[in-house]
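User: I'm new to this structure and would love a close look at one part of it. Could you walk me through it in plain words?

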Amino acid sequence: MNRAWLGSIVLALGMTSACSRHTAVPAEAPPKAFGAALVLVSGDKQAAGVGSALDQPVVVQVNDEKGTAVAGALVRFAGAGGVIFDPDRGLTGSDGQFTTNVSLGGVHGLYRIVAATKNSSGKAAEIRIDEIALGYQETLGKQVSDIHCVRCHDSESTPERVSNHDNLIAQAHSFTDGAILNAMSDADLAAIIGHGGAALGKSAEMPPYGNTLTKPEIDALIGLLRALADPPYRPQGIFYAGK
Amino acid sequence: MSLPKRVRSAWQYLFGDSASAFGTLSAVLLILLAVVPAKDYFREWLGYQKQYLRLIHGRGDATSLSRRFQGGLQQIWMPELGVVDRCTTCHTALKEASLADVKTQPFRPHPAIPHKLTEFGCVICHRGQGAATTVEEAHNSTKSWEEPILPARYLEASCGQCHLDRLMGTPRLNQGRDALAQYGCVRCHTIKSPDGVIMTGSDAPPPLQHIADKTTREWIAAWLKNPQAYAGSATMPNFQLADDETRDISAFLIAQSTPYQTHKGTEPAPAASQDTAALQEGTSLYGESFCSSCHAMQNAAGMLVGGNLGPELTRAGSKVKTEWLADWLRDPKTYDPDTRMPHYRLDAKEVGLLIGFLSSKSDSDFLGNTQLAAATPAQVEHGKTLVIERGCANCHAINGVKKPDNFAPELTLVGSRPLERILFAPGVPHTLADYIGAKIRQPRSFGNALKMPQYTLAPQQVDALATALLAQTQLAQTLPVSLRIPGRAPSHYRPAGKAGQLIDDMRCFSCHKIDGRGGDMAPELTWEGSSVERAWLVSFLKNPNTLRPSLIRRMPKFNVTDAEASTLADYIMTVYQTPAFDQETLDSSRFTPADVEHGKELFYGKYACQSCHIVDPNKDKGYIGPTLTQVGTRLTASWMFHWLKNSQSLRPGTQEPVWNMNDEDARAVTAFLVAQKNAPRKEVAQK
């Protein structure tokens, strides 16, 4: 009797385990060397649509105590909210660098990803890298911005777009300039965009866009500013943090 | 009676006497009855609703939050849309903006979108099973529920079910729809919009009826082997042909080619100028003619520079025959009547210089390995079979091969294709989006016998294409017509008469849009006659100078004669007039110096126009809008007046903001601009 019970339990367990989807964990290459610190080379603060891959890969470098690059050190990437890394772990190359392609999760907002490596005694060194996922509103804001705003507000020129930033007397704020823009309320920003700089005692070089853009477009622009802000924007007013 | 006895003894063994048996049975029945309320009590959604109440408890606005909270099963029901969505049962906080800090699902508020939740529900955009009340069944593809949630990166596909026009907020959908046309997908696959319009290609695959005059069989074979080896930007896909297949197709293409009506015989082909001085001159002529507005070329650093309207020319010297090139440069239409390339009216010397320059752009490695023996009739015949099998005539005009009908599966409803009708390649997750992505990325992974060629696409392009295809759903066909925002109907506008011939000859529509037809590289010209002064237009047509210093795509010089310029200008001035205003609204002769002075103050002060425009090249630096140093000779006073009031109504989509100036200000600024006539033309310092 007892044996039969045992047998059926084993059988049931076996069947359920066969049903569950098992993904084989890839054999991990053991680290050939150890570093003491991780530094970011490129690829932080990128903005991409929700669920999409970032345009540029994220590159980090492992250094030893003296700051020289370490080849063959193991780097692991991790991130919450459905972030996918391709690959999520691996050994640094001969230049001490490790490159991964990152796809963000399906919810808009800031994604903080962590790259980590261990030194020879097993102590972890890690860096945090921020990336931004744009939802519908921020994407619309980016389209509006690309047509009407970036030429003055972005001081960088690209082959397709010459910046007008340095031709102005007033220095147009970069849209990532959270230090300044976070302090302005949505209503302030909407007023400046809609009525122009002169109407609010700022430079007339900022034209009024109230008759050019619709209200949803201006809201979308503000949404974009909030998403890109560095340091990150925290909404003002009634705000009760969750536990 | 041995059996009942045995049963009775087993009964007694298990339950004892009848009193305790009754007790045991009652207990079992009670437990069974308790399962029903217990099952209800442990429902998944009820757990989430309790979690939500715990979450809002203690927040400052808990009272108003809990007042708006509705317990029990919630449902959005819209029979005319087929919506039965119970998502709000667990997603309790979709409308609660004050919970913006909550990061855990299902309690996040919905991000701002242009539609109300109660208008469309959830499933029309997100897909999944609206009627399900468990997490697994609502979101995933399970045995009884087919449709999984649409991954966020394809979400714009849902917008495309109703919005057949271009939406500013859906760049990925727009990019995907453009790519379907640009990469010629729609030349093999029929794709109908829900309004019945069949998508057409926007690429310009060259006709091959006279190919032997243009290039060599070796080049064709090498190109067929790998188009991207010749030009990285080539949109022709790789058909993954074997060497004998490229040999035979090239043999057939040369064999079917007939001579075309050329300039040959009328005048000798100009000799290619190959010496250093001529090469340098040719290089500058290539630049001055703004060939790079349409054609790209790799620079010394390996970067691709130039437009994508025409083919990349990095290795043009390895491709075309010089006699053909001479003819082509003199008048492209004689070879390809539908080409987008304008007729440049170059003289023999200029043609020679350009041939010399382009011939120098050759790459000996490209043709290095291609050696072909003379073709046999059997090879030509095999080549023709291959051309028919591969569907070359879907895109290219070929003698003796008809464009096939329904060559590839129709994709009008691909976004609703049932999963059980799909054969998944190994390793591809069983969702429609993954299937479409994998199919675009590597068509042959689904079987070597498949005809679909291999495209060279960036991951973003694959996502965009998948998004556009996922918009082709059954739902899009059955939604109420009142919800449909139709796409712009294609315009077949054709200007008539002598001017119409000139507009066709110079292929103005390749770059300019008039009356809904044409490209978007250059300004729209629908109301050009109301906008410009005739004298300026004539001189501009003869020698286009730069109006917008920051643009890298420029209007080429077509070397038109005085008579041609005059004919065109007359037509434009007469026909392309806006009904929005009368040219006589403003009499510019009445402007006083005081008006001009007031306008200047407004220009530099109140409106700070110098941020974007240059009037005084020594002082102003604005680098966005056109230079206004001589705007008084270019634009009419009435146009400027109305432009300052509402630019978007005259040219929708222009970067100029709508200033909504009052009449007085607009009149004064116009007076100032009209006065910008005789300023000597100075070179603006290039930034």
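User: How many bridges join strand 1 of chain A to strand 3 of chain A, and which way do the two strands run?

Analyst: Happy to help! Please keep in mind that this is a predicted model. Strand 1 of chain A is joined to strand 3 (residues 58–63) of chain A by five bridges, and the two run antiparallel. To see one pairing up close, find Val39(A): its bridge partner in strand 3 of chain A is Gln61(A).

Now step back to the sheet that holds this pair. Four strands of chain A make an open sheet, and following the order 1-3-7-5 takes you across it, with antiparallel pairing. At the edges you will find strand 1 (37–42) and strand 5 (84–86) of chain A, each of which pairs on one side only. From one strand to the next, the twist averages 35°. As general background, the strands of a sheet pair through backbone hydrogen bonds, in either a parallel or an antiparallel way.

For some context, look at where chain A meets chain B. Chain A gives 39 residues to the contact, and chain B gives 39 residues. On the side of chain B that touches chain A, the elements giving two or more residues are helix 9 (171–182) and helix 21 (459–470) of chain B. That side of chain B comprises 19 nonpolar, 10 polar and 10 charged residues.

To place those helices, it helps to know how chain B is divided. Among its domains are domain 3 (171–202 + 408–483) and domain 5 (497–575). Between the C-alpha centres of domain 3 of chain B and domain 5 of chain B there are 38 Å.

Technical notes: Residues are numbered from 1 along each chain as its sequence is written. Chains are lettered from A and ligands numbered from 1 in the order in which they are written. This is a predicted model: local features need pLDDT of at least 70, side-chain atom pairs count only at pLDDT 80 or more; totals for chains, interfaces and linings use all residues. Two residues are in contact if their C-beta atoms, placed from the backbone, lie within 7 Å. Ala, Val, Leu, Ile, Met, Phe, Trp, Tyr, Cys and Pro count as nonpolar, Asp, Glu, Lys and Arg as charged, and the others, Gly among them, as polar. Two strands pair if DSSP finds at least two bridges between them. Axes are lines fitted to C-alpha atoms, for helices over the stretch in contact, and angles run from 0 to 180 degrees between N-to-C directions. Domain bounds come from an automatic or database domain assignment.
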